[in-house]
Amino acid sequence: MAAPAASDDGSGMARIDPAPNAPQGPVIERRSGITLWRQIEQSIEADIVGGRAVSGSRLPTEAELACRFGVNRHTVRRAMEELERRGLVRIEQGRGSFVAEDVIDYRIGPRTRFSEVIARNNRAPSGRILSIAEVQASDAAAAALKLRRGRRLWCVERLGLADGVPVAYALHHFPRARFPGLAEALARGGTLTRALAACGLADYARATTRVTARLPTPREAEHLRQPRNRAVMVCENVNVDQDRVPVEYCVVLYPAGRVQLVFEF
């Protein structure tokens with residue numbers, strides 16, 4: 001990338017003109033009374049608001065932006081952190097910075113299905129099972145499923161994506177005695193709903209949802225591709241069959257900057 005050229009506007013104040021192939025935004029001024037990082041923030045914001053940087057697109061790297069504005073990378077990083085705090089960009093560790101997409105309305109009702117919710121937001125839903133393990137029921141899982149503590153459960157660790165972007169990290173718990181073939185059904189591919197149907201559960205509904213908020217663990221932040229200092233919403237869900245017997249206890253984490261929960265009654 002060609003280095004930006006310094007020019008003089010007649011006032012004796014040096015300006016940094018952006019490189020020819022860079023998005024055209026306001027140039028920065030060294031003695032304007034506004035900090036350099038704030039001017040960079042405003043310039044990138046103008047690109048986003050003006051449609052020159054479209055939703056979901058990858059932004060230039062810190063090095064490229066430092067070259068564009070004629071500053072060091074620390075100054076650029078400060079501007080990007082502020083844009084992320086305001087929800088205009090999202091920063092993914094190891095992948096770079098992206099223009100933030102519109103927040104997803106995740107509607108929670110009696111029959112909530114991830115793929116349907118995401119599709120209604122005009123996004124392409126997809127899912128990835130990270131692990132399937134047999135575990136002992138914790139106090140919370142046992143109480144939710146009305147089982148004795150220590151009973152054997154399937155724990156399915158799953159990542160839900162919208163247009164390839166992580167929007168949900170979940171731990172699904174199912175009674176092993178009721179669904180002995182669940183692991184094999186999931187291994188054959190398909191959704192959780194289809195795997196449960198193959199195990200004899202034709203339909204299920206939401207009984208309760210409890211919502212809290214906290215900071216993610218390192219593993220959770222890595223899967224959701226977000227910094228550890230950004231909050232996640234935590235939903236503890238209990239699903240029941242047609243006889244109101246609990247069949248699933250699920251803990252789902254949603255990145256607060258990408259998802260807002262909407263409860264339908």
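What is the volume of the largest pocket? In this predicted model, the largest pocket encloses about 620 Å³. A pocket here is an open set of points on a 1 Å grid over the protein atoms alone, where a 1.4 Å probe fits, with protein on both sides within 12 Å along at least five of seven lines, and lining residues have an atom within 4 Å of a point. Grid points are joined across faces, edges and corners, and the volume is the space filled by probe spheres set on them. Of the 30 residues lining the largest pocket, Arg 113, Phe 114, Ser 115, Arg 158 and Leu 192 are the closest to its centre.

A word on the basis of these values is useful. Residues are numbered from 1 along each chain as its sequence is written, and side-chain values use heavy atoms, with hydrogens and water left out. Because the model is predicted, local features need pLDDT of at least 70 and side-chain atom pairs count only at pLDDT 80 or more, while totals for chains, interfaces and linings use all residues. The mean pLDDT (the predictor's confidence in each residue, from 0 to 100) of the protein chain is 86, and 89% of its residues reach 70 or more. Residues 1-26 have pLDDT below 50, and this stretch makes 57 contacts (heavy atoms within 4.5 Å) beyond near neighbours in sequence.

Several helices and strands (DSSP runs numbered from the N terminus, helices being H or I of at least four residues and strands E of at least two) build the lining of the largest pocket. Those supplying at least two residues each include α4 (114-120), β8 (152-162) and α7 (192-198). The most comes from β7, with five residues. By class, this lining has 12 nonpolar, 11 polar and seven charged residues; Ala, Val, Leu, Ile, Met, Phe, Trp, Tyr, Cys and Pro count as nonpolar, Asp, Glu, Lys and Arg as charged, and the others, Gly among them, as polar.

The second largest pocket holds about 240 Å³ of space. Its lining comprises 16 residues, of which Glu 62, Met 80, Ile 91, Gly 96 and Ser 97 are the closest to the centre. Two or more residues come from each of α2 (62-69), α3 (73-85) and β5 (96-99), with α3 giving the largest share, five residues. Six nonpolar, three polar and seven charged residues make up this lining.

Helix α7 also contains Ala 198. With a relative accessible area of 55%, Ala 198 is exposed (over 50%, against under 20% for buried and partly exposed in between, with a 1.4 Å probe and protein chains only). Leaving aside residues up to four places away in sequence, Ala 198 touches Ala 185 and Arg 188.
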